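Student: Could you take one part of this model and go through it with me closely? I'd like to know how it is packed, in plain bench language.

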Amino acid sequence: MRASRLLSILLLLQSRGRMTARQLAAELEVSVRTIYRDVESLHVAGIPLYGEAGHEGGYRLMDGFRTRLTGLTEGEAGALFLAGLRGPAADLGLGALLAAAELKIEAALPGGLREEARRVREHFHLDAPGWYYDGDRPSHLPEVAGAVWNARVVRVRYRRWTEPCEVERRLEPYGLVLKAGKWYLVARCDGALRTYRVGQILALTVTGETFERPEGFDLAGHWREHLAGFRSRLVRGHAVIRLSARGRERLGEVMSSAVAGAVARTAGPPDERGWITATVPIESVTHARTEFLKLGAEVEVLEPAELRREMTATAHALAGLYLPPSRL
């Protein structure tokens, strides 16, 4: 374990340059004291590693020192090729570069590890979008990616859901996120970080203006916070529903994990017909009506009264379409 951590310190410093003991400790999930001991061990082993004091200080390797990629396990070699997402790379205009990089890595691996990497690639394939959605093909994605990479300001015409539907925006693009087959741009606009669906960009101009991306900005961390806030804002109320046994079986297929989880937490014991009563979160009456209709006659809405009236009106409208006049 310690040998692996020492190698990780070397690789981190080799790839990122100067890092403080606190940064290394956070990256490797150990104490700062442990990093001090590890650095001392590397010194004893003759590694040309030195530290600098002060606000801009930290540890770094002597210029020109490079460690060879050694100690790669079969599992790590396989995971390396699982990480090669050719579809998204192609969307970004990087498909050829990724293929070339994979070939170079594969050629550098010893025979046994090379065979393991090939086996993983032959036996596993990642298809991230859902069954009924093939994923985004945004026409402006390569330009957006280039602006992100080169810290270029962009001006866009953007389509949104609220009025006015088409707006002009000046954006400082910080990063791209691929979520469930859809590309999203995290960008600063008017002094605040916002999220934009790349597929909703109608027109884009990359300006000659550059911007400074904040040092240490954590795209993954920001996205996690964005998702948590988004999910909390979605819940506008709750509904009390009855579900049949068949409805409970289909719940995970057609409803969100939030609804399925709420049913598991709040449901009482089944009645004599096998139906349960539970309280679930809803975004709005209109959205909830659409969602509950996916379960057909396997769900009954008890509350709120407005949602029950909407379900009743929809049921009557459907009956008018499908039942003969004598049955109405």
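Student: How many disulfides does the structure hold, and which residues of the largest nonpolar core touch the most other members?

Tutor: Ground rules first: this is a predicted model, where local features need pLDDT of at least 70 and side-chain atom pairs count only at pLDDT 80 or more, while totals for chains, interfaces and linings use all residues. Residues are numbered from 1 along each chain as its sequence is written, and side-chain values use heavy atoms, with hydrogens and water left out.

The disulfide count is zero, a disulfide being a pair of cysteine sulfur atoms within 2.5 Å. Two cysteines are still worth a look. C189 is buried at 1% relative accessibility, whereas C165 is partly exposed at 31%. Buried here means under 20% relative accessible area, exposed means over 50%, and partly exposed is in between (1.4 Å probe, protein chains only).

Now the core. By nonpolar core I mean a set of buried Ala, Val, Leu, Ile, Met, Phe, Trp, Tyr and Cys residues joined through side-chain atoms within 4.5 Å. The largest one has 21 residues, and I241, L243, V280, F292 and L307 touch the most other members. At least two residues each come from β8 (237-243), α10 (245-254), α11 (257-266), β9 (276-282), α12 (285-293), β10 (299-303) and α13 (305-322). These labels are DSSP runs numbered from the N terminus: helices are H or I with at least four residues, strands are E with at least two. β9 gives the largest share, four residues.

Zoom in on V280. Leaving aside neighbours within four places in sequence, V280 is in contact (heavy atoms within 4.5 Å) with G237, H238, A239, I241, V259, A262, V263 and F292. As a rule, nonpolar side chains in soluble globular proteins tend to be buried together.

F292 leads us to α12, whose buried residues are V285, A288, E291 and F292. Seen down the axis of α12, these fall within an arc of 125°, so they line one face of the helix; the arc is that of the directions from the helix axis to the C-beta atoms. What covers them includes β8, α10, β9, β10 and α13.

Between β10 and α13 there is a loop, and P304 sits in it. The peptide bond joining E303 and P304 is cis, with omega about 0°. In general, most peptide bonds are trans.

And C189? That cysteine is in a second, separate core of 19 residues, which also includes A145, V156 and V167. For the surroundings, there is an open sheet of five strands in the order β6-β5-β4-β3-β7, with antiparallel pairing; strands pair if DSSP finds at least two bridges between them. Its edge strands are β6 (192-197) and β7 (201-210), each pairing on one side only. Six bridges join β5 (182-189) to the antiparallel β6, and R188 has L193 as its bridge partner there.

Two helices lie across strands of this sheet. α8 (141-150) crosses β3 (152-159), β4 (166-179), β5 and β7, at about 80° to β4. α9 (219-234) lies across β4, β5 and β6, at about 110° to β4. Those angles run from 0 to 180 degrees between N-to-C directions of lines fitted to C-alpha atoms, for helices over the stretch in contact.
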